[in-house]
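Biologist: I would like a close look at one part of this model. Please keep the explanation plain, since a first-year student will read it.

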Amino acid sequence: MAMKNIAYEVPGKDKEIFLDPPINRIPDLLAANRKKMLDYGFKVAGIPFQVVREKTRKDILYMSQRYTAKIQSLFCNNQKEGYFSVRNGNQNEMRSGERGDKTHGKEITMDCKAIRDIAIIQTGHEPVLYYPGIWIKNHLIHYLSEKLNGIGVNMIVDNDACNAGFLFMPVLSHEQASVQKVMLVEGKAKMAYEEVVFNDLRKIMQFREEVLALFRKNATNQRVKTANEGMQTMFEWFTDAITRYYNRGCTDMAGLLTAVRCALEKEFCIHNLEVPVSRIGDIEGFSCFLLHIIYDASRFAEIYNNTLHEYRHVHNIRTKANPMPDLVITENLIEIPFWVWTTGGNRMKCFVVNEKESIKVTDGSETLITLSKNEAVPQHRARLKDLTKKGIKLRPRAITTSMFSRLLFSDIFVHGIGGAKYDVITDAIIREYFGVIPPGFITVSATLFLPLEACDLDITDLQRRQHEIQDIWYNPGRYASNEIQRNTEFMQKAEEKQALLKAMAGCSAGDKKQYFNRIRELNAQMHHLMRDEILRREEDVKKMEDKRLYNEVVRFREYPIYLYPMPVLQKYFQHVFS
């Protein structure tokens, strides 16, 4: 099946939502997905797909319940201590507040039939400062889980590189309006989020003070001041919560930001489960998925690269780094779409070396594990588990994270627009590699502007005036005011210019150059006589351009939800789908 060029439009208007398919068609899509996956007959590392999927669902649900309970323990009023840090890869027991197998709002029985029957609606994102266009996914999976009597699960993609540890902040001072980036985490762009741990509160307090200093710049008029106060109150709640959860023992970035988000979601009665990718890497189903690709690395990499080539062709993309680089394929060294690193280190690419008697997994320079071809899958899984004890981490990349989730865990996956574009590639790989029709997914995004009023501005008028400013240098006579047109000197120069333009039509090349130079002199002289008029026009355009920049700042859609006053969030999100 040929790959399609699917256009996804980011919502441009305030309170606008993009949702595909429409909400009333989602139950049918979920049912179709479940029926489709029941017919999958392929094996994963030699184990029937249905067996691996059922075990994976059970393991991740159990893990999600435990992780969510630990997160919830941070914002329980009677909780004074007890949390965990995931940096070393060990899932330490919670010292208090554990809730067993009870979810936020419902209790499930962990038997095989219940695991098969329950509808799992999943989404996922990096552990960053969500903006409304991302947060809408969490609201949607909660809404669907309530309507379909299922479970919403949010996957914390803490295996991604920590390159979004910042906050966008609007600056609306008397100077030119701008969007400023305030860093919470710096110098960690090559590390995974799961490795980022705060050793003390100083960086968090510095981040708080930098943002509050920008708030103090924003009180330029009463309307901005009123909105600014509500925004600052929300931001202070956010940093107070981070400080409180840090003092209760949570020091890892992913845990802190997840806890604050979940505390806010509690105010909206959202009952989703949370689970980090870093935890999923230890379960049996993921090991089988990883081994399946390791065993068949050459074929998988070839299909992966061919799919990328087709995607670039369909979307007229010329650079081979976009949307992601091809996997390296040499005679016996094959890159697979997973990351590998040692605790505290930077992410590195992962490779497979297929030898006569063994398969080696390397980071390109050092062999991490050797799998003998004489050993069975259970022995290979045990060897992979030994890597965790050594602090070596194997994590999926974007496409393999999505592929694993959609095939082996959820019944339907909710993407944002960026994820949906890339999952066109995932769909094509699933079709070719596994020989099945992939389950459908949902795409949702939203735009919610901060409660800051935009300036009244006609963009068409601004563009017209900008064109006039450029054109006036070539055709000053067109824009001369009535007063200028009564100036004898100006009109003499304008008439001489028109005469030269007519003469140029039939003159020689030498004369044409002479006429052209004279016309330039006349234009410059007319400009001088129009100087006040030109300055007035330029000043008008500058004021309009300042308004345009101001509007871009107040209509920027990626400000974090922690800058939105609570009433604004409540008014929009509490009934966004109903």
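Which residue lies over the face of Trp339, and at what distance from the ring centre? Please describe the sheet around that part as well.

Modeller: The model is a predicted one. Arg347 is the residue that lies over the face of Trp339, and its distance from the ring centre is 3.9 Å. A second arginine is placed in a similar way: the charged end of Arg397 sits over the ring of Trp339, 4.6 Å from its centre. A charge counts as sitting over a ring if CZ of Arg is within 6 Å of the ring centre and within 35 degrees of the ring normal.

Now the sheet. Strand S9 covers residues 333-342. Strand S9 belongs to an open sheet of 5 strands, which follow the order S12-S11-S10-S9-S13 with antiparallel pairing. At the edges are strand S12 (367-372) and strand S13 (392-396), each of which pairs on one side only. From one strand to the next, the twist averages 35 degrees. Between S9 and S13 the antiparallel pairing runs over 5 bridges. In that pairing, Thr342 stands opposite Ile392 of S13.

Two helices pack here. Helix H9, residues 284-295, lies across S9, strand S10 (348-354), strand S11 (358-362), S12 and S13. The direction of H9 is at about 145 degrees to S9. Helix H10, residues 297-314, also packs on the sheet. H10 touches S9 and S10, and its direction makes about 95 degrees with that of S9.

Rings also meet other rings in this model, and the count of aromatic pairs comes to 26. One of them joins Tyr8 and Phe18 edge-to-face, with 5.8 Å centre to centre and 75 degrees between the planes. This pair links distant parts of the chain, 10 residues apart: Tyr8 is in the segment before strand S1 (16-20), while Phe18 is in strand S1. Both Tyr8 and Phe18 are buried.

Another pair is formed by Phe42 and Phe49. Their centres are 4.9 Å apart, and the angle of 50 degrees between the planes makes the pair tilted. Phe42 and Phe49 are both buried. These two residues are also part of one aromatic cluster, together with Tyr40, Phe300, Tyr304, Tyr433 and Phe434.

To return to the request, Trp339 has Arg347 over its face at 3.9 Å from the ring centre, and the charged end of Arg397 over its ring at 4.6 Å.

Terms used. Residues are numbered from 1 along each chain as its sequence is written. This is a predicted model: local features need pLDDT of at least 70, side-chain atom pairs count only at pLDDT 80 or more; totals for chains, interfaces and linings use all residues. Side-chain values use heavy atoms; hydrogens and water are left out. Two strands pair if DSSP finds at least two bridges between them. Helices (H or I, at least four residues) and strands (E, at least two) are DSSP runs, numbered from the N terminus. Axes are lines fitted to C-alpha atoms, for helices over the stretch in contact, and angles run from 0 to 180 degrees between N-to-C directions. Contact means heavy atoms within 4.5 Å. Rings of Phe, Tyr and Trp (its six-membered ring) pair if their centres lie within 6.5 Å; planes under 30 degrees apart count as stacked, over 60 as edge-to-face and the rest as tilted. Buried means under 20% relative accessible area, exposed over 50%, partly exposed in between (1.4 Å probe, protein chains only).
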